[in-house]
Amino acid sequence: MVRKRRTEPSSSSGESSESQDAAGRSAQRPTERASPAQEGGGGRTWAPQSQQQPQQGGRGGYGGGYSPQGRGGSQPRGGMTAQQYGSSPDYQGRGGQPRGMPPQQPMGAPPEPMGRRRGGGSVAGGRGGGPTSGGHSRPPVPELHQANQAQYQAMVSPQPAPSGKPSQSYSQAGSSSQPSEPSTAQVTQQFQQLSVQHEATPTQSIQPIAASSKSMRFPLRPGKGSTGAKCMVKANHFFAELPDKELHQYDVSITPEVTSRGVNRAVMAQLVGLYRDSHLGKRLPAYDGRKSLYTAGPLPFTSREFSITLINEDDGTGAPRRERQFRVVIKFAARADLHHLGMFLAGRQADAPQEALQVLDIVLRELPTSRYSPVGRSFYSPNLGRRQTLGEGLESWRGFYQSIRPTQMGLSLNIDMSSTAFIEPLPVIDFVTQLLNRDVLSRPLSDSDRVKIKKALRGVKVEVTHRGNMRRKYRISGLTSQATRELTFPVDDRGTVKSVVQYFQETYGFNIQHTQWPCLQVGNQQRPNYLPMEVCKIVEGQRYSKRLNERQITALLKVTCQRPHERELDIMQTVHHNAYRDDPYAKEFGIKISEKLAQVEARILPPPWLKYHDTGREKDCLPEVGQWNMMNKKMVNGGTVNSWICINFSRNIQESIARAFCQELAQMCQTSGMAFNPEPVLPPYNARPDQVERALKTRYHDAMTKLQHHGKELDLLIVILPDNNGSLYGDLKRICETDLGLVSQCCLTKHVFKKSKQYLANVALKINVKVGGRNTVLLDALTRRIPLVSDRPTIIFGADVTHPHPGEDSSPSIAAVVASQDWPEVTKYAGLVSAQAHRQELIQDLFKVWQDPARGTVSGGMIKELLISFRRATGQKPQRIIFYRDGVSEGQFYQVLLYELDAIRKACASLEPNYQPPVTFVVVQKRHHTRLFASNHNDRRSVDRSGNILPGTVVDSKICHPTEFDFYLCSHAGIQGTSRPAHYHVLWDENEFTADGLQSLTNNLCYTYARCTRSVSIVPPAYYAHLAAFRARFYMEPETSDSGSMTSAAVGRAGAGSGGGRSTRISGASAAVRPLPALKDNVKKVMFYC
């Protein structure tokens, strides 16, 4: 019999409880106003307050003073009291006048609205780049040729700590030859010993985190950007006129209650058909399929009960049709206020009235819901375009996405083309034949065949074909463990049993052919119903929500991949086809939709200059249309590979071919600027894929035995893999990175045979960052010209959470955080990973506290570890944090910000009392449906080779948020299909970025991605976090059940990793999560995930 599926606590409730918790904690923890030191030559250190001058107003090199009500003056501001973290009472923050609240004052007060509080006296240029006349002048920047590491390190060497001891340079991402690595406690102490040589210039005020999302405002837009060449683009947004009707909401209860929206809608359609002209006062209501009904104007009653009879379709047997009685109660609930929506769109109200937006969305979904198959916010139909088979019993249906959005131009209807996988409406036997990809009748089903069939069919609706026109529908719950010929069931209370074969013969005159096959089990476990596969056909219109395989994904991408002008035409056709002007619901509610794409003003940001090594023929480079190459260039910091070995798992590659490939790769690494020993420690070694662990450990041990005589380490493993290698790649990475502490580079057999120069050059780029080198650096970073990054030590974080595929109902989600480990270059990123509760979006391990039997209360977590790591690598502590967070949907903005900003603050405070560098928190979104098209597809100057808009195209008006700080940036050149711009939304900004400042920084960073010589579509720290999280999925032990869930045998190991337990609380329930095996320290320091 089929097992019951395990159910998980819902993640949404988990998130809300976490955010409440975060809010509660932040309410008790006033935070301090930071005044990071003005940049000045060597190390940046901090002195006690007595040595500092009180500051009046001004902001040094980046803009003028502020009024006491704003961010300047010497008014006391919400700040952390020194005693709170156990420091001496006389330590009063870092800048001039005390800025803390009185200790007893709670911090529940909402932060002031995050508009830009500009005082008088600001110099031209505002918060932009370049030195300004106010405040301290910036010291001259020494010339940086970046020729060797030593010369550059001398420039950023830390100042001696007050005790006179030289502060140790970081080892986390620094050179491996340092004599000893300071402990975390020592580094924390060094954090506290850094002192300021120059007087601190207060620039950013640390905002208290609001106690709840109700009192929290996201930053207001700091004006629009002006950098770059102006141009016009078209967006797939259609202006929607705000209706002037009075919207009324009614609660609906239908008894007996049914879970199917389809049945609910049928009941309501019947009710409206019967009573619209009479009891409903001629109103045409919009219904959400659940509990809510909306009307334009009031119904002639406040509460009313109706009786509705649904009659089933004629089953063709001549028997009376089945009738179902329903009692429907409609009761007035509220008025949906469009006035506030108008206020919000005009920028006169802070919060979007979600209810009003929801009503308009439901109204515009009514008609397509009755015509097509709704999936989320999209609608699909076999008649909306090409129906393509995807293989294994699946096909793709075309459709469109539709959503109403508040924008600067008013309400906008966002429409985009979409495709998804549906199950082909085949007889079940044919479906299984396709699924297993063989003649299934020739040989019996194996156990793995049964598991595959069960996984694919569980939850699928089928109709029976053995009863003429009577097509009764059932939902499959599993497969029987016995063959059909062995199945019997009781027919009466006396225990009389009958076989399924006999029953079908006697009752329906149907002879079952495939008696050796299992039956489908339908209905529930208690009263199972058996249906032979050959009498069942899959019902049309069922979306396939489980994981697609590689071939299916490729086939689906082929269908969805459209050139920009084709996609634009399809979108226009969809809008005409939907004919919103004739939609009875849109008419009833007074919603008018434009049929023209929005024309939007855009700018094309210039590409940044990239620095390469001075010994190459080209020392720097200006990318063209988002790409460049390594011809005549050398990596700005070539890494060193003295000792390496090669293991070959591919049967088709002889040793001589492997040896020749490795020599060419070594040669390419040398040409690109690395110090790469052409000779391996041992000759290439052939191994069998099924003995990966033994082969790796044996060869590693042999190599280390040879190297230990010379006191050397193994720097790199080169691996040749078969083109189709199953779990081999993941096993290899897990063993190398969590067991042996070895970085590896995998190469597929097809590339080893080809040995193309382009491929070898790309592999060299990956190897270089894996052994601690840098491929290129922004020239502006070296010449200290990046606003709000170059002026003082700045750390840039990237964070992402990846969730298991649909159908894997209990494997954990994986969080990854990376952080820059070099300043001013900001190109090297160390990464950490952590497993957390299934589908939990908040990153649990950013900061954590646990009890250690020996040390008592101990704190740690990913942020703290990466801050310490930055301190070790640069000799400085970050005085500014920029946090790019990927993968957050709009509905989760408040929870993620409340919880994760609080964790960042706590991690900083745990390193040193009053240490609160200002934070800018930016969400990066790729899963949205806004597309930008060139105004003229034939103008070669405004499109790239793929017909897409040019890299660097940025939009921050018209289709963006009415008041908040967001923008769309297409930072990459298209290759195929239509480019999707990334959407950046600033949720917190204590660094007070200008629009130009953040847009240019983000665009420029996209040119520093280590793995290729192209600008990428999302900012690299977010991209790296995604890669690291994806990599960590390979570290989990293999799945142990057919539902994709994992056993919890290792729950007791929750102490593993970098400190405390990794169990995760969701909505009060304790859901233990198996921790990932810890990364080895030397792997953490480098970009192992590249």
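**Figure 1. Helix 4 and the strands that cover it.** The cover over the buried residues of helix 4 includes strand 3 (247-255), strand 4 (286-287), strand 5 (292-296), strand 6 (303-311) and strand 7 (323-336). This is a predicted model, so treat each view as a look at a prediction. The buried residues in helix 4 are Val263, Asn264, Val267, Met268, Leu271 and Val272. Helix 4 spans residues 261-275, which makes 15 residues, and runs 21 Å from its first C-alpha to its last, close to the 21 Å expected at 1.5 Å a residue. Look also at the start of helix 4, where a side-chain oxygen of Ser260 comes within 3.1 Å of the backbone nitrogen of Gly262.

**Figure 2. The whole protein, for orientation.** Let's step back for a moment. The protein has 1090 residues, and 56% of them count as buried. Its chain forms 23 helices and 43 strands. If you take the contacts between residues at least 6 apart in sequence, 75% of them join residues at least 24 apart. About 45100 Å² of the protein is exposed, with carbon and sulfur atoms supplying 49% of that area.

**Figure 3. Two nonpolar cores.** Which residues touch the most other members of the largest nonpolar core? They are Phe676, Ile767, Tyr884, Tyr984, Tyr1024 and Tyr1089, in a core of 92 residues. Helix 17 (residues 757-770) gives the most to this core, contributing 8 residues. Another core lies apart from it and has 55 residues, including Phe238, Leu293, Leu341 and Val575.

**Figure 4. Phe504 and its neighbours.** Phe504 sits in helix 9, which covers residues 500-508. Is Phe504 buried or exposed? Phe504 counts as buried, because its relative accessibility is 3% and the cut-off for buried is under 20%. Leaving aside residues up to four places away in sequence, Phe504 touches His466, Gly509, Phe510, Ile512, Tyr530, Leu531, Pro532 and Val535. Take Pro532 from that list: Phe504 and Pro532 are 28 residues apart along the chain, and their C-alpha atoms are 9.3 Å apart.

**Figure 5. Gln821 in a loop.** Where is Gln821 found? Gln821 belongs to the loop between strand 32 (813-820) and strand 33 (829-836). With a relative accessibility of 3%, Gln821 counts as buried. Its side chain has a partner too: the side chains of Gln821 and Ser869 make a polar contact at 2.3 Å.

**Figure 6. Cysteines without a disulfide.** A disulfide is a covalent bond between the sulfur atoms of two cysteines. How many disulfides does a search of the whole structure find? The search finds 0. Cys746 shows this in close-up: the nearest cysteine sulfur belongs to Cys747 and is 7.3 Å away, and Cys746 is in no disulfide. Cys746 is buried, with a relative accessible area of 14%. Cys960 counts as buried as well, at 1% relative accessibility.

**Figure 7. Helix 21, mostly covered.** Helix 21 takes in residues 995-1005, and 10 of its 11 residues are buried. To find them in the view, look for Ala995, Asp996, Gly997, Leu998, Gln999, Leu1001, Thr1002, Asn1003, Asn1004 and Leu1005.

Conventions: Residues are numbered from 1 along each chain as its sequence is written. This is a predicted model: local features need pLDDT of at least 70, side-chain atom pairs count only at pLDDT 80 or more; totals for chains, interfaces and linings use all residues. Side-chain values use heavy atoms; hydrogens and water are left out. Helices (H or I, at least four residues) and strands (E, at least two) are DSSP runs, numbered from the N terminus. Buried means under 20% relative accessible area, exposed over 50%, partly exposed in between (1.4 Å probe, protein chains only). Contact means heavy atoms within 4.5 Å. A disulfide is a pair of cysteine sulfur atoms within 2.5 Å. A polar contact is a pair of N or O atoms within 3.5 Å; within protein, one must be able to donate a hydrogen and the other to accept it, and residues adjacent in sequence count only if both atoms are side-chain atoms. A nonpolar core is a set of buried Ala, Val, Leu, Ile, Met, Phe, Trp, Tyr and Cys residues joined through side-chain atoms within 4.5 Å. Accessible areas come from the Shrake-Rupley method with a 1.4 Å probe; for residues, only the protein chains shown count as cover. The expected span of a helix is 1.5 Å times one less than its number of residues.
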